[in-house]
Every structure is written in C-alpha cells, then in structure tokens.
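Here are my comments on the model. Please read them with the structure open.

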Amino acid sequence: KRLMRTIMRIPNLVAYYPMYEAEGLSCKNLAPFSKTMLNGVITGATVGQVGSSGRAYTFDGASDVITVANNSLLQLNSPLSILALIYPNSYGGTSLGEIVRKTGGFAEGYAVTLRSNGGQQSFRFGANNTTYQANNNTVVLNTWQWIGLSYDKALTANRIKFYKNGSPVGTAENTTGPTVTVDDLIIGGPSGREFVGKIQHVVIASQSFSDSLFMEIAKVSGFA
C-alpha cells in the first residue's frame with residue numbers, strides 16, 4: 001500500500017493500473033483525477049496472480065490484453081513518463097513483446113516494448129515510426145524489474161531517459177514527441193507482439209519524472 005500511495009501522489013498522474021484485482025473483467029485506474037473514466041477491459045489475461053508488490057496479471061502470449069478506450073487524457077506528446085513492474089518469461093511475439101501501446105503502429109502515438117535482437121535484451125520507446133532503446137542487457141527474463149522512461153522535448157539534451165529499478169540505463173534524442181492518435185491504449189500487446197509473463201503497477205503521467213522519483217518508487221517497492 002505504501003507503493004500505491006507513493007504513486008497516487010505523483011503530480012500530473014494520468015493513469016495508474018496497480019492490476020491488483022482478484023476477479024472480474026475490469027482493470028481499475030486509480031489515478032485520482034481520472035479514475036472514473038480510464039478503466040480497462042480485460043481480455044484473456046489472468047487476474048489475481050502473485051506479484052512482486054500485491055497481485056499481478058499473467059499474460060500467456062495468446063493475445064491477452066487490457067484495453068482502455070481512447071481518451072484525450074492519454075493523447076500525450078510532451079512531457080510524459082511511463083513506468084511498469086514486469087516479470088517477462090520471454091521477449092514476446094517476434095521478440096518485441098509490447099507492455100504499453102497507444103498506436104496503430106509505430107507510425108504515430110507511443111509504445112513501450114521489450115527488445116531482443118543480437119543480444120540486446122532491452123526495452124524501447126517508439127514514437128512516430130522511430131524507436132529509441134535503453135542500454136543493452138537491461139532486461140532479465142524470469143525476474144521482477146521496474147522499467148520506465150521519461151520524455152521532455154523542451155530539454156536541450158537527453159530528452160528521452162530510460163530507467164531500470166530506479167537507475168538510469170540510457171538516453172536518446174527526439175525533438176517532436178508522439179503524434180496524437182485516436183487508438184485505444186493497450187497493455188499486453190496485440191497479436192504478433194504479445195507480452196508473455198506478468199505485469200503490475202503500470203503508470204502513465206503527463207510529466208517527465210525526475211531521477212529521484214524513479215528511485216523513490218524503486219526503494220518503496222524493495223528494488224533499491
């Protein structure tokens with residue numbers, strides 16, 4: 001509960017999915033400002049599973065998804081931050097298992113995916129048909145880990161910052177940000193890019209998280 005309280009106090013929190021439900025077909029959004037309008041619909045994913053901090057959902061790679069209907073609050077450009085606690089059993093469909101996406105493809109919108117190609121074993125941020133990747137050997141299979149990123153196009157350098165368990169794991173540059181898309185927000189990945197494993201505590205915010213905030217979340221959940 002301390003972790004949930006910490007996240008729910010974050011300014012400009014757009015959506016927060018602890019994924020703590022024990023039953024049902026609704027994935028509750030607990031962001032105080034938007035919780036009456038951004039709940040997700042569960043398709044296939046198994047709820048009530050043992051997580052690292054409370055319950056989690058299991059995604060088996062068979063098109064298990066959480067669908068959140070398009071809303072202007074989710075049409076983010078800059079600044080933005082995305083964070084999730086994951087337990088990947090593999091790198092997913094085509095080694096590009098998607099954790100969060102709001103796009104019909106990388107041609108617009110944004111997405112956070114795993115990545116395994118040539119030993120990279122990482123995760124990446126896609127925006128406007130371009131992908132940006134954290135350092136190699138960042139993601140470890142069959143273990144819990146926080147992965148996250150922040151983006152702020154107003155900065156003069158290091159506009160995209162990647163984090164694992166509260167620590168920086170790479171930077172990249174993008175000066176335009178994602179375009180607005182009317183696609184639904186998806187957690188778990190569509191057919192061909194399915195996530196395989198467990199996910200909990202998905203966080204989306206319209207601000208660029210500081211190094212100290214990423215570290216605070218990691219500490220209160222026992223990862224730092």
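1. A term before the details: a residue is buried under 20% relative accessible area, exposed over 50%, and partly exposed in between. E173 has 36% relative accessibility, so E173 counts as partly exposed. Keep in mind that this is a predicted model.

2. E173 has a salt-bridge partner. That partner is R159, with the closest N and O atoms 2.8 Å apart. The pair links distant parts of the chain, 14 residues apart. R159 lies in the loop between β12 and β13, and E173 in the loop between β14 (167–172) and β15. R159 counts as buried, because its relative accessibility is 14%.

3. How many salt bridges does the structure hold? The count is three. Beyond the R159 pair, look at E98. Its side chain meets that of R101 in a salt bridge (2.8 Å, N to O). Both E98 and R101 are buried.

4. E98 also forms a salt bridge with R193, where the closest N and O atoms are 3.5 Å apart. These two residues are 95 residues apart: E98 sits in strand β8 (residues 98–102), R193 in the loop between β15 (185–187) and β16 (196–205). R193 is partly exposed at 25% relative accessible area, whereas E98 is buried at 1%. E98, R101 and R193 are thus linked in a network of salt bridges.

5. Now helix α2 (residues 211–220). Its buried residues are L213, F214, I217, A218 and V220. They pack against α1 (2–8), β7 (80–88), β12 (145–151) and β13 (160–164). G222 follows α2 and has a positive phi, near 85 degrees.

Key:
Residues numbered from 1 in each chain as written. Predicted model: local features only at pLDDT ≥ 70, side-chain atom pairs only at ≥ 80, totals over all residues. Heavy atoms only, no water. Buried < 20%, exposed > 50% of the residue type's maximum accessible area, 1.4 Å probe, protein only. Helix = DSSP H or I, 4+ residues; strand = E, 2+ residues; numbered from the N terminus. Contact = heavy atoms within 4.5 Å. Salt bridge = Lys/Arg side-chain N within 4 Å of Asp/Glu carboxyl O.
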